[in-house]
Amino acid sequence: MWVSGSIQALQLIAVGLLARPSSIVAESPSYIRSIQVFQSAGIPIHSVSLDKEGIDLKVLHATVAQYQSGLLYTIPTFHNPTGILMSKQRRNDLIEQCKELRLPIIEDDVYRELWLDDLPPAPLKSQDSNGNIVYLGSMSKMMSPGLRVGWVIAPEPVIERLADIKMQTDYGSSNLSQYVATQWFAQGYHEPHIQWVRGQLRTRRDQMLELLQQHFSDIADWQIPTGGFYIWVKLTVTVPMQLLFERAIQANILINPGYLYEDEATSHIRLSYAYT
């Protein structure tokens, strides 16, 4: 099913799939725009922490047991804002646990093709034998943020429900945008373009890592992202984050303070190497 970007897919899910009262579980930190969709729909969100391999399954199990949540929202591949790539074993364990908990999954996979070192593990959806996973993709990260074309892959009854709500909302996504996306793939433009994008991102990531190592190695920690747009930096010294943000803006540098994504992330900043 075509949608006007993955954010619209989340809006349709929030309105159409979650009975009231209901809640969701989501990684913390997580992408603020996605979380705001559920908050705007009046749906409580319960946070589950991350480790280096992805979502913490022990915390997930305890959270679902406590709150009887309706679904899980996850960004397993090049997570925003942390850049974490969920390991293959963690993906397998997550799918099994969600089957046991009868917990549907929204897999937000918009960064999948932006791998810089090695191919990421297969999507969670590729192992979905029970129709338990709703899969989201988008052209905006791969091609252009202005091309509002995304897609939802889900069981037919789910698609029918979402399509009905979408028809009531905007009477369908732009035919012109869909035509552009169709021709983009059909005429073979996508593969050379995405290879070029990976090369650009790889160069920018490596330059940013070099600068971090040169100037921040004694006051901050970070993981090297293997794809996506972001480096999640934890400062090991006390810094007034609002002042840092303002001084950076004065120097034409945009940093996103960590507290935008998680209240407790007051010593983190998200750096993006995707745009200058």
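Is Asp117 buried, partly exposed or exposed? Keep that one in mind while you load up. What you have open is a predicted model, so treat each stop as a look at computed coordinates.

**Stop 1: the Arg205 hub**

Select Asp117 and Arg205 together. Asp117 counts as partly exposed, with 36% relative accessibility. Arg205 and Asp117 form a salt bridge, and their closest N and O atoms are 3.0 Å apart. The two partners come from distant parts of the chain: Arg205 belongs to helix H7 (residues 190-216), while Asp117 sits in the loop between strand S6 (105-108) and strand S7 (133-138), 88 residues apart. Switch on a surface and check Arg205, which is buried at a relative accessible area of 5%.

Now add Asp206 to the selection. Its side chain meets that of Arg205 in another salt bridge, at 3.0 Å from N to O. Asp206 is partly exposed, with a relative accessible area of 36%. Because they share partners, the salt bridges join Asp117, Arg205 and Asp206 into one network. If you like background with your clicking, side chains of opposite charge can pair when their charged atoms come close.

**Stop 2: a buried pair**

Next, pick Arg112 and Asp109. Here the closest N and O atoms of the salt bridge are 2.5 Å apart. Are these two partners buried or exposed? Arg112 is buried, at 15% relative accessible area, and Asp109 is buried as well, at 3%. Anyone wanting to script the full list should expect eight salt bridges from a search of the whole structure.

**Stop 3: two helices crossing**

Hide the side chains and show the cartoon for residues 6-16 and residues 156-170. The first range is helix H1 and the second is helix H5; their axes come within 10 Å and cross at roughly 110°. That crossing angle makes H1 roughly perpendicular to H5. Two packed helices are described by the angle between their axes and the distance between the axes.

Bring the side chains back to see who makes the contact. On H1, select Gln8, Leu12, Ile13, Val15 and Gly16; on H5, select Arg161, Leu162, Ile165, Lys166, Thr169 and Asp170. Colour them by residue class and you get five nonpolar, three polar and three charged residues in this contact.

**Stop 4: rings edge to face**

How many aromatic pairs does the structure hold? There are seven. One of them is Trp2 with Trp151: the ring centres are 6.4 Å apart and the planes stand at 85°, so this pair is edge-to-face. Trp2 is in strand S1 (residues 2-3) and Trp151 in strand S8 (residues 150-153), so the pair ties together parts 149 residues apart in sequence. Trp2 is partly exposed, at 33% relative accessibility, and Trp151 is also partly exposed, at 21%.

Move on to Tyr111 and Tyr230. This aromatic pair is edge-to-face too, with 6.1 Å centre to centre and 75° between the planes. Tyr111 lies in the loop between S6 and S7, and Tyr230 in strand S10 (residues 230-235), so parts of the chain 119 residues apart in sequence are tied together by this pair. Both Tyr111 and Tyr230 are buried. Add Phe229 to the selection and you have one aromatic cluster, made of Tyr111, Phe229 and Tyr230.

**Stop 5: Ser22**

Centre the view on Ser22, in the loop between H1 and strand S2 (24-28). Ser22 is buried, with a relative accessible area of 17%. Which residues does Ser22 contact, leaving aside its neighbours within four places in sequence? Show Ile43, Pro44 and Gly70 to see them.

**Stop 6: Asn256**

Finish at Asn256, which lies in strand S11 (residues 256-257). Asn256 counts as buried, at 15% relative accessibility. Not counting residues up to four places away in sequence, Asn256 touches Tyr261, Ile269 and Arg270. For a last distance label, draw one from the C-alpha atom of Asn256 to that of Pro81: it should read 9.4 Å, for two residues 175 apart along the chain.

Methods
Residues numbered from 1 in each chain as written. Predicted model: local features only at pLDDT ≥ 70, side-chain atom pairs only at ≥ 80, totals over all residues. Heavy atoms only, no water. Salt bridge = Lys/Arg side-chain N within 4 Å of Asp/Glu carboxyl O. Buried < 20%, exposed > 50% of the residue type's maximum accessible area, 1.4 Å probe, protein only. Helix = DSSP H or I, 4+ residues; strand = E, 2+ residues; numbered from the N terminus. Axes fitted to C-alpha atoms, helices over the stretch in contact; angles between N-to-C directions. Parallel < 35°, antiparallel > 145°, perpendicular 65-115°, else oblique. Contact = heavy atoms within 4.5 Å. Nonpolar A, V, L, I, M, F, W, Y, C, P; charged D, E, K, R; others polar. Phe/Tyr/Trp six-rings, centres within 6.5 Å; stacked < 30°, edge-to-face > 60°.
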